[in-house]
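User: I would like to learn how to read charged pairs and pockets in a model. Where should I begin?
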Amino acid sequence: MAEKQEKQELEWRGKGFSFFSNRKCEYFPCHKVKEEEEFNCLFCYCPLYDYRDCGGGYVLMKNGSKDCSSCLFPHKKENYGLMLERLRKLRAERYQ
């Protein structure tokens, strides 16, 4: 089982669908980063935002909204597979 998961993870590495950088965006980069060329804009709006247990480093504001300005989890090139894995898990839990 672990081998199959590892193989699936490796299949996305280096593919165009797993990384996108929009340097023409007026907000690029929307977070402070050391290496802009590694900043992944693919998850510009984080699909994990609606989940309290998103795995990212957010701060809950007084109004109940999440402040994710210090979270880089969805923007790291190497986290594409982890993002998909986390989404599958959270959605499965939501719809059980």
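Analyst: Begin with a cut-off: a salt bridge is a side-chain nitrogen of Lys or Arg within 4 Å of a carboxyl oxygen of Asp or Glu. Side chains of opposite charge can pair when their charged atoms come close. Keep in mind that this is a predicted model.

User: How many salt bridges does a search of the whole structure find?

Analyst: The search finds 3 salt bridges. In one of them, the side chains of Arg23 and Glu36 meet, with an N to O distance of 3.6 Å. Arg23 and Glu36 both lie in the loop between helix 1 (2-12) and strand 1 (59-60), so this pair ties together parts that are 13 residues apart in sequence.

User: Are Arg23 and Glu36 buried or exposed?

Analyst: Buried means under 20% relative accessible area and exposed means over 50%, with partly exposed in between. Arg23 counts as partly exposed because its relative accessibility is 48%. Glu36 is partly exposed as well, with a relative accessible area of 33%.

User: Which residue forms a salt bridge with Arg86?

Analyst: Asp53 does, and the closest N and O atoms are 3.1 Å apart. Asp53 lies in the loop between helix 1 and strand 1, while Arg86 lies in helix 2 (residues 80-94), so the pair ties together parts that are 33 residues apart in sequence. On accessibility, Asp53 is partly exposed at 47%, whereas Arg86 is buried, with a relative accessible area of 17%.

User: Where do Glu93 and Lys89 lie?

Analyst: Both are in helix 2, 4 residues apart, which is about one turn of the helix. Glu93 forms a salt bridge with Lys89, and the closest N and O atoms are 3.7 Å apart. Glu93 is partly exposed, at 42% relative accessibility, and Lys89 is partly exposed, at 43%.

User: Now to pockets. What volume does the second largest pocket have, and which residues are the closest to its centre?

Analyst: The volume of the second largest pocket is about 260 Å³. This pocket is lined by 18 residues, and the closest to its centre are His31, Cys46, Tyr49, Cys68 and Pro74.

User: How many residues of that lining are nonpolar, polar and charged?

Analyst: To read such a lining, sort its residues by class. For the second largest pocket, the lining divides into 13 nonpolar residues, 4 polar and 1 charged. Note that Cys, Tyr and Pro count as nonpolar in this scheme.

How values were computed:
Residues are numbered from 1 along each chain as its sequence is written. This is a predicted model: local features need pLDDT of at least 70, side-chain atom pairs count only at pLDDT 80 or more; totals for chains, interfaces and linings use all residues. Side-chain values use heavy atoms; hydrogens and water are left out. On a 1 Å grid over the protein atoms alone, a cavity is a set of points where a 1.4 Å probe fits but cannot get out, and a pocket is an open set with protein on both sides within 12 Å along at least five of seven lines; lining residues have an atom within 4 Å of a point. Grid points are joined across faces, edges and corners, and a volume is the space filled by probe spheres set on the points. Helices (H or I, at least four residues) and strands (E, at least two) are DSSP runs, numbered from the N terminus. Buried means under 20% relative accessible area, exposed over 50%, partly exposed in between (1.4 Å probe, protein chains only).
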